[in-house]
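Q: Please choose one part of this model and take me through it closely, explaining each term as it comes up. I am a first-year student, so please go step by step.

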Amino acid sequence: MQAPVPFSGPLARLGRTAAGAATRLLDALLPPRCLSCGEAVDRQGGLCGRCWSGLTFIAPPLCACCGLPFEYEAQEGALCGACVAARPPFARARAVLVYDDGSRPLVLGFKHGDRIHAAKAYGVWLARAGRELLEDADRLVPVPLHHGRLFHRRYNQAALLAQALSRHSGVPTTPDLLERRRATPTQGGLDRQGRHRNVKGAFRLRPGQSVQGLVTGQRLVLVDDVLTTGATLAECTRVLLRAGAARVDVLTLARVVLR
């Protein structure tokens with residue numbers, strides 16, 4: 001994917017000046033706060049030193065398929081034991097953070113606590129973690145919420161992440177490409193097999209002839225907040241592959257790491 005050519009000249013300088021003034025005004029009206037604990041920080045979308053040091057960012061070496069970080073050096077292309085035994089339907093999965101005590105307040109605050117202003121920062125993090133997935137991606141596809149849950153929550157956190165990532169990466173997103181056709185009980189407390197049974201058949205392409213053209217032959221990146229067992233993401237992947245997608249990758253803000 002070719003990087004956009006930056007604008008230059010008087011209009012560009014004027015735009016940057018206006019953006020800087022807007023940022024200073026925002027800082028004056030709403031002093032920057034840590035995305036996790038709310039402590040004062042030096043810029044919007046930042047973290048205090050204590051919360052930053054408590055995060056575990058995922059970096060190589062990791063499983064070439066599911067993105068599980070390895071505790072040891074491994075050759076490029078190495079797979080974890082789970083992917084060797086049963087490879088998931090998606091081609092690759094990558095995540096920004098390990099889902100643990102450090103990242104949990106960020107994720108839950110964003111998902112349930114209305115801290116949607118954090119999406120802008122998370123979009124930057126996702127672009128870095130998913131660079132190899134985004135290089136030739138055609139479209140971002142957020143994992144959908146059932147309309148009943150969306151009504152009560154008022155927003156789909158996966159769609160907000162995809163929109164922020166799209167603005168930063170330039171890859172277009174289609175928030176309503178998939179739909180959750182039935183409400184499923186929460187995945188919490190279910191084992192791996194139970195999670196897969198819970199979401200089986202729960203997703204479909206949004207009805208409409210125009211939707212097929214957004215999938216057939218396309219290299220798609222599914223976006224969600226957390227990868228736990230991968231059951232939901234695997235089910236969404238199967239729907240997209242059956243509809244003719246050329247490849248489906250997965251990008252999440254965090255992932256569970258079991259040792």
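A: A good place to begin is Arg154, which is found in the loop between α7 (147–153) and α8; helices (H or I, at least four residues) and strands (E, at least two) are DSSP runs, numbered from the N terminus. The model is a predicted one, in which local features need pLDDT of at least 70 and side-chain atom pairs count only at pLDDT 80 or more, while totals for chains, interfaces and linings use all residues. Residues are numbered from 1 along each chain as its sequence is written, and side-chain values use heavy atoms, with hydrogens and water left out.

Arg154 has a positive phi of about 80°, although it is not a glycine. With a relative accessible area of 56%, Arg154 is exposed, where exposed means over 50%, buried means under 20%, and partly exposed lies in between (1.4 Å probe, protein chains only).

After this loop comes helix α8, which covers residues 157–169 and lies across β2, β5 and β6 (247–255). The direction of α8 is at about 125° to β5; for such values, axes are lines fitted to C-alpha atoms, for helices over the stretch in contact, and angles run from 0 to 180 degrees between N-to-C directions.

Helix α8 also packs with helix α5 (residues 119–129), at an angle of about 65° and with the axes 8 Å apart. The crossing of α5 past α8 is right-handed, a term used if the near helix is turned clockwise from the far one by less than a right angle, whereas an anticlockwise turn is called left-handed. On the α5 side the contact (heavy atoms within 4.5 Å) is made by Ala119, Lys120, Tyr122, Gly123, Val124, Leu126 and Ala127, and on the α8 side by Leu160, Leu161, Ala164, Leu165 and His168. Nine residues of this contact are nonpolar, two are polar and one is charged; here Ala, Val, Leu, Ile, Met, Phe, Trp, Tyr, Cys and Pro count as nonpolar, Asp, Glu, Lys and Arg as charged, and the others, Gly among them, as polar.

The loop between α4 (104–112) and α5 holds Asp114, a residue other than glycine whose phi is also positive, near 65°. At 41% relative accessibility, Asp114 counts as partly exposed.

The strands that α8 lies across, β2, β5 and β6, bring us to the sheet. Four strands form an open sheet in the order β1-β6-β5-β2, with parallel pairing; two strands pair if DSSP finds at least two bridges between them. At the edges stand β1 (93–98) and β2 (139–142), each with a single partner strand, so one side of each is left without a neighbour in the sheet. From one strand to the next, the twist averages 20°.

The partner of β2 is strand β5 (residues 219–227), which runs parallel to β2 and is joined to it by four bridges. Across this pairing, Leu140 has Val221 as its bridge partner in β5, and Val141 has Leu222. In a regular strand the side chains alternate between the two faces of the sheet. Both faces of β2 are covered, with Arg139 and Val141 on one side and Leu140 and Pro142 on the other, all of them buried.

A further helix, α11, lies across β5 and β6 and runs at about 165° to β5. Its twelve residues, 231–242, reach 17 Å from the first C-alpha to the last, close to the 16 Å expected at 1.5 Å a residue, the expected span being 1.5 Å times one less than the number of residues. Nine of the twelve residues of α11 are buried, so this helix is largely enclosed by the rest of the structure; among the buried residues are Leu233, Cys236, Val239 and Leu240, together with Glu235.

Just after α11, Gly244 takes a positive phi of about 105°. Ala246 then follows in the loop between α11 and β6, and this alanine is exposed, with a relative accessible area of 54%. Ala246 and Arg219 are 27 residues apart in sequence, yet their C-alpha atoms are 5.5 Å apart in space. Leaving aside residues up to four places away in sequence, Ala246 touches Gly217, Gln218 and Arg219.
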